[in-house]
Amino acid sequence: MTADPAKKPSVLFVCVHNAGRSQMAAGFLTSLARGAIEVRSAGTQPSHEVSPSVVEAMADVGIDISGEVPKELTTGAVQEADVVITMGCGDECPVFPGKRYEDWELADPAGKGIESVRPIRDDIRTRVEALVTELLPARHADAQ
């Protein structure tokens, strides 16, 4: 019996406003996983738009997140995720037994210019690359 190809890992990135860190992480994971991982992002207090400097920083590396809209974190989104990665939302994020949680300590790009956002973006990319290697070990082995 083969594994269900429709069942792929699901990752939820959560930050307060869903306008910076979680959007960059989702953009990188969507790009790197090429459909092999279900990717979501949300915020505990979503903003009205993704930060323009974040959109610009991602465009610098060829990832267009200009069409993304901050979304509110729902209990359902957390329940559906295999991995929940929080970024500065503290106790506002719901916790469910049996879920894998990681808290990535990252500077908040809110209100910062492009030069300050780029190092945050690069830190997120490194973390997302490690996550892809972990969640898709067969793909990583094939690339060797």
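The expected span of a helix is 1.5 Å times one less than its number of residues. Keep that rule handy for the view of H1 below; everything shown here comes from a predicted model.

**View 1. The whole chain, from one end to the other.** Start with the parts list: the chain has 5 helices and 4 strands. Walking from the N terminus, you meet them in the order β-α-β-α-α-β-β-α-α. Of the 144 residues in the chain, 41% are buried. Take the contacts with a separation of 6 or more, and 72% of them turn out to be between residues 24 or more positions apart. The accessible surface adds up to about 7600 Å², with carbon and sulfur atoms supplying 52% of it.

**View 2. The open sheet and its strand order.** Here are the 4 strands of an open sheet, lined up as E2-E1-E3-E4 and paired in parallel. At the edges sit E2 (38-43) and E4 (100-103), each of which pairs on one side only. Going from one strand to the next, the twist averages 20°. As a reminder, strands of a sheet pair through backbone hydrogen bonds, either parallel or antiparallel.

**View 3. Where E3 meets E4.** Zooming in on one pairing, strand E3 (residues 83-87) runs parallel to E4, and the two are joined over 4 bridges. Which residue in E4 is the bridge partner of Val83? That would be Arg100. Arg100 also turns up in a salt bridge with Glu102, where the closest N and O atoms are 2.3 Å apart. Both residues of that salt bridge are partly exposed: Glu102 has a relative accessible area of 23%, and Arg100 has one of 25%.

**View 4. Thr86 and its surroundings.** Stay in strand E3, which is where Thr86 has its place. Is Thr86 buried or exposed? At 10% relative accessibility it counts as buried, because the cut-off for that label is under 20%. Skip the neighbours within four places in sequence, and the contacts of Thr86 are Val14, Cys93, Glu102, Asp103 and Trp104. Glu102 is the residue you just saw in a salt bridge with Arg100.

**View 5. Helix H1 against the sheet.** H1 (residues 21-33) lies across strands E1 (10-15), E2 and E3, and runs at about 160° to E1. Now for the rule from the top: at 1.5 Å a residue, the 13 residues of H1 should span 18 Å, and the end C-alpha atoms are 18 Å apart, so expectation and model agree. This helix is mostly covered, with 10 of its 13 residues buried. The buried set includes Met24, Phe28 and Leu29, along with Arg21 at the start of the residue range and Ala33 at its end. Just after H1, look for Arg34, which takes a positive phi of about 45°.

**View 6. A salt bridge from Arg21 to Asp108.** The structure holds 12 salt bridges, and this close-up picks out one of them. Asp108 pairs with Arg21, and their closest N and O atoms are 3.7 Å apart. The two come from distant parts of the chain: Asp108 is in the loop between E4 and H4, Arg21 is in helix H1, and 87 residues separate them. Their surroundings differ too, as Asp108 is partly exposed at 33% relative accessibility, whereas Arg21 is buried with a relative accessible area of 6%.

**View 7. Helix H4 and its salt-bridge network.** H4 (residues 114-135) lies across E1, E3 and E4, and runs at about 155° to E1. Focus on Arg121, whose side chain meets that of Asp60 in a salt bridge (3.9 Å, N to O). Arg121 belongs to helix H4 and Asp60 to helix H2 (residues 52-60), so this pair ties together parts that are 61 residues apart in sequence. Arg121 is buried, with a relative accessible area of 6%, while Asp60 is partly exposed at 41%.

Definitions and conventions: Residues are numbered from 1 along each chain as its sequence is written. This is a predicted model: local features need pLDDT of at least 70, side-chain atom pairs count only at pLDDT 80 or more; totals for chains, interfaces and linings use all residues. Side-chain values use heavy atoms; hydrogens and water are left out. Two strands pair if DSSP finds at least two bridges between them. Axes are lines fitted to C-alpha atoms, for helices over the stretch in contact, and angles run from 0 to 180 degrees between N-to-C directions. Contact means heavy atoms within 4.5 Å. Buried means under 20% relative accessible area, exposed over 50%, partly exposed in between (1.4 Å probe, protein chains only). Accessible areas come from the Shrake-Rupley method with a 1.4 Å probe; for residues, only the protein chains shown count as cover. A salt bridge is a side-chain nitrogen of Lys or Arg within 4 Å of a carboxyl oxygen of Asp or Glu.
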